[in-house]
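Here is a short tour for someone meeting this structure for the first time. Have a look at the sequence and the model, and then we'll walk through some of the details.

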Amino acid sequence: PLASQSIELRRRGTLLVCLLLVAIIALPGMFPARLLASGLVQLEGLAADTVLTSLEFAMALVFVLLFSEVVVRERQARADLDEAHLRLGEYAIQVEDLATVQERNRLARDLHDAVTQTLFSASLIADVTPVIWKRNPEEGLQHLEELRQLTRGALAEMRTLLLEMRPESLNRADLKTLITQLTDAFIGRVRIPVDLQIHGTCDQNQEVKIVVYRVAQVALNNIAK
């Protein structure tokens, strides 16, 4: 026990403890007269027995020290592993927070680039439509139709952004609804007519549905740019 506990000390302290233990085992050879007087040992072979016992004990100490070193290193490794797991958890939280901030920034940018501009255009058209209507009703009707497309597109754009914020809603919605919202938002944003035709469905396979939705989304965004 002393040897195994001494491994917690520095190497010099461990060495001193072990030397002290070996010296205690070798005491019979250091004080043979008293032992002989007591009759506990015989003179013949006393030195050899003492040396042999000391060597055996020293070998046992070496084994104990090596085994204790392994145990201590394993314990230290577990402590380091626990600390690494703790740091990894902290890093994961930081990465999640960073991803959340980036997603918020992206949504804010999309709101500014798409919905805000669309609503601003709709507001301008709404302001001038009454004046134009009095002067030319047909041109006023055209402005009303343009206003309808803008507001419809802004509404679709908002729905699309809400779907992006809630992935579970994206999984629940059918592909036709998703693509229709994309095209309505596109028409309201860039005022380019789109002829949408959807044949068949892939709603049973969520992964395929999301891929088709993303492809259509990227394609319309590229056209808008």
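Which residues in α8 are buried? There's a good handful: Leu175, Leu178, Ile179, Gln181, Leu182, Thr183, Asp184, Ala185, Phe186, Ile187 and Gly188. Before going further, keep in mind that this is a predicted model.

**The overall layout**

Let's step back for a moment. The protein has nine helices and zero strands, so the pattern along the sequence reads α-α-α-α-α-α-α-α-α. Of its 225 residues, 24% count as buried.

**Helix α8 and its two ends**

Back to α8, which runs over residues 175-190 and has 16 residues. From the first C-alpha to the last, α8 reaches 22 Å, close to the 22 Å expected at 1.5 Å a residue. At the N-terminal end, Asp174 acts as a cap: one of its side-chain oxygens lies 3.3 Å from the backbone nitrogen of Lys176. After the helix comes Arg191, and its phi is positive, near 60°.

**From α8 on to α9**

Gly200 sits in the loop between α8 and α9. Is Gly200 buried or exposed? Gly200 is exposed, because its relative accessible area is 64% and the cut-off for exposed is over 50%. Although Gly200 and Lys176 are 24 residues apart along the chain, 9.6 Å separates their C-alpha atoms.

There's another pair to look at around here. Gln206 belongs to helix α9 and counts as partly exposed, at 34% relative accessibility. Gln206 and Asp174 are 32 residues apart in sequence, with 9.6 Å between them in space, C-alpha to C-alpha. Asp174, remember, is the residue that caps α8.

**The two sides of α9**

Helix α9 covers residues 206-224, which makes 19 residues. Its reach from first C-alpha to last is 27 Å, close to the 27 Å expected at 1.5 Å a residue. At the start of α9, a side-chain oxygen of Asn205 comes to within 3.2 Å of the backbone nitrogen of Glu207.

Where do the buried residues of α9 sit around the axis? The buried ones are Lys209, Ile210, Tyr213, Gln217 and Leu220. They cover an arc of only 100° around the axis, so they end up on the same side of α9. Over on the other side, Glu207, Val211, Val215 and Ile223 are exposed.

**Salt bridges**

How many salt bridges does the structure hold? It holds three, and here they are with their N to O distances.

| Salt bridge | Distance, N to O |
|---|---|
| Glu74 and Arg78 | 3.0 Å |
| Arg87 and Glu83 | 2.8 Å |
| Glu145 and Arg148 | 2.6 Å |

What puts these partners within reach of each other? Here's a handy bit of background: an α-helix has 3.6 residues a turn, so residues three or four places apart point the same way.

Take Glu74 and Arg78, which are four residues apart in helix α5 (residues 46-135), and so are separated by about one helical turn. Arg87 and Glu83 are also in helix α5, four residues apart, again with about one helical turn between them. Glu145 and Arg148 both lie in helix α6 (residues 137-165), three residues apart, about one turn of the helix.

How open to the surroundings are these residues? Glu74 is partly exposed at 41% relative accessibility, while Arg78 counts as exposed at 54%. In the pair from Arg87 to Glu83, Arg87 is partly exposed at 44%, and Glu83 is partly exposed too, with a relative accessible area of 38%. As for the pair in α6, Glu145 is partly exposed with 35%, and Arg148 counts as partly exposed at 40%.

**A nonpolar patch**

One more stop, this time on the surface. Leu15, Leu16 and Leu19 form a nonpolar patch there, and together they have about 310 Å² of accessible area. Leu16 is found in helix α2, which spans residues 11-25. Leu16 counts as exposed because its relative accessibility is 53%.

Note on methods
Residues are numbered from 1 along each chain as its sequence is written. This is a predicted model: local features need pLDDT of at least 70, side-chain atom pairs count only at pLDDT 80 or more; totals for chains, interfaces and linings use all residues. Side-chain values use heavy atoms; hydrogens and water are left out. The expected span of a helix is 1.5 Å times one less than its number of residues. Buried means under 20% relative accessible area, exposed over 50%, partly exposed in between (1.4 Å probe, protein chains only). A polar contact is a pair of N or O atoms within 3.5 Å; within protein, one must be able to donate a hydrogen and the other to accept it, and residues adjacent in sequence count only if both atoms are side-chain atoms. Patches are made of residues with over 30% relative accessible area and no salt bridge: like charges are joined within 9 Å, nonpolar side chains (Val, Leu, Ile, Met, Phe, Trp, Tyr) within 5 Å. Accessible areas come from the Shrake-Rupley method with a 1.4 Å probe; for residues, only the protein chains shown count as cover. A salt bridge is a side-chain nitrogen of Lys or Arg within 4 Å of a carboxyl oxygen of Asp or Glu. The arc is that of the directions from the helix axis to the C-beta atoms.
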